[in-house]
Amino acid sequence: MIHLMKADSYDVDQIKKELLEYKAAVDERISIYFRSMSLENTLKEACVYSMEGNAKRVRAILIMMIGKALGCDLDMGYLGISIECVHA
């Protein structure tokens, strides 16, 4: 069961820390994913460029957070990245 916290009980610094950790995890998975692709360099560079913006992390981070909140044992990062790729 997901418990909602009262608005006055949020630890903003902890939330920022967790978001940075999620962003780092997504960045790592993006790097691993695109390095493993066997594409022409120009196409690979275009793919990486399309994923460079910070806004391209929001959906992936949300997917990872939802997975954690639901107690999912799977690595939801790659699912999040795939959604970002489709959205790009």
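Aspartate 75 sits at 41% relative accessibility, so this residue counts as partly exposed, a label that covers values between the 20% limit for buried and the 50% limit for exposed. Its place is the loop between H3 and H4. Follow the chain and methionine 64 is 11 residues away from aspartate 75, yet the C-alpha atoms of the two are separated by 7.8 Å. Keep in mind that all of this comes from a predicted model.

Zooming out, the protein chain turns out to be built from four helices, with zero strands. Reading along the sequence gives the pattern α-α-α-α. The chain has 88 residues, and 24% of them count as buried. What share of the contacts between residues at least 6 apart in sequence joins residues at least 24 apart? That share comes to 69%.

How sure is the predictor about this picture? For the protein chain the mean pLDDT is 81, and 86% of the residues reach 70 or more. Helix by helix, H3 gets the highest mean, 89, while H2 (residues 41-50) gets the lowest, 79.

Now for the inside. In soluble globular proteins, nonpolar side chains tend to be buried together. Here, the largest nonpolar core is made of 13 residues. Val26, Ile30, Phe34, Met51, Met64 and Ile81 are the ones with the most contacts inside this core. Two elements, helix H1 (12-36) and helix H3 (58-69), each supply two or more of the core residues. H1 gives the largest share, with five residues. Met64, the partner of aspartate 75 in the C-alpha distance above, is thus met again in the list of well-connected core residues.

Methionine 51 is worth a closer look. Leaving aside residues up to four places away in sequence, it touches Ile30, Phe34, Lys56, Arg57, Ile81, Glu84 and Cys85. Among these partners, Ile30, Phe34 and Ile81 also appear with methionine 51 in the list of core residues with the most contacts.

Then there is the way H1 meets helix H4 (residues 77-87). The axes of the two helices come within 10 Å and cross at roughly 75°. H1 and H4 are therefore roughly perpendicular to each other, since angles from 65 to 115 degrees fall in that class. On the H1 side, the contact involves Val26, Arg29, Ile30, Ile32, Tyr33 and Phe34. On the H4 side, Gly77, Tyr78, Ile81 and Cys85 take part. Sorted by character, the residues of this contact come out as eight nonpolar, one polar and one charged.

Methods. Residues are numbered from 1 along each chain as its sequence is written. This is a predicted model: local features need pLDDT of at least 70, side-chain atom pairs count only at pLDDT 80 or more; totals for chains, interfaces and linings use all residues. Side-chain values use heavy atoms; hydrogens and water are left out. A nonpolar core is a set of buried Ala, Val, Leu, Ile, Met, Phe, Trp, Tyr and Cys residues joined through side-chain atoms within 4.5 Å. Buried means under 20% relative accessible area, exposed over 50%, partly exposed in between (1.4 Å probe, protein chains only). Contact means heavy atoms within 4.5 Å. Axes are lines fitted to C-alpha atoms, for helices over the stretch in contact, and angles run from 0 to 180 degrees between N-to-C directions. Angles under 35 degrees count as roughly parallel, over 145 as roughly antiparallel, 65 to 115 as roughly perpendicular and the rest as oblique. Ala, Val, Leu, Ile, Met, Phe, Trp, Tyr, Cys and Pro count as nonpolar, Asp, Glu, Lys and Arg as charged, and the others, Gly among them, as polar. pLDDT is the predictor's confidence in each residue, from 0 to 100.
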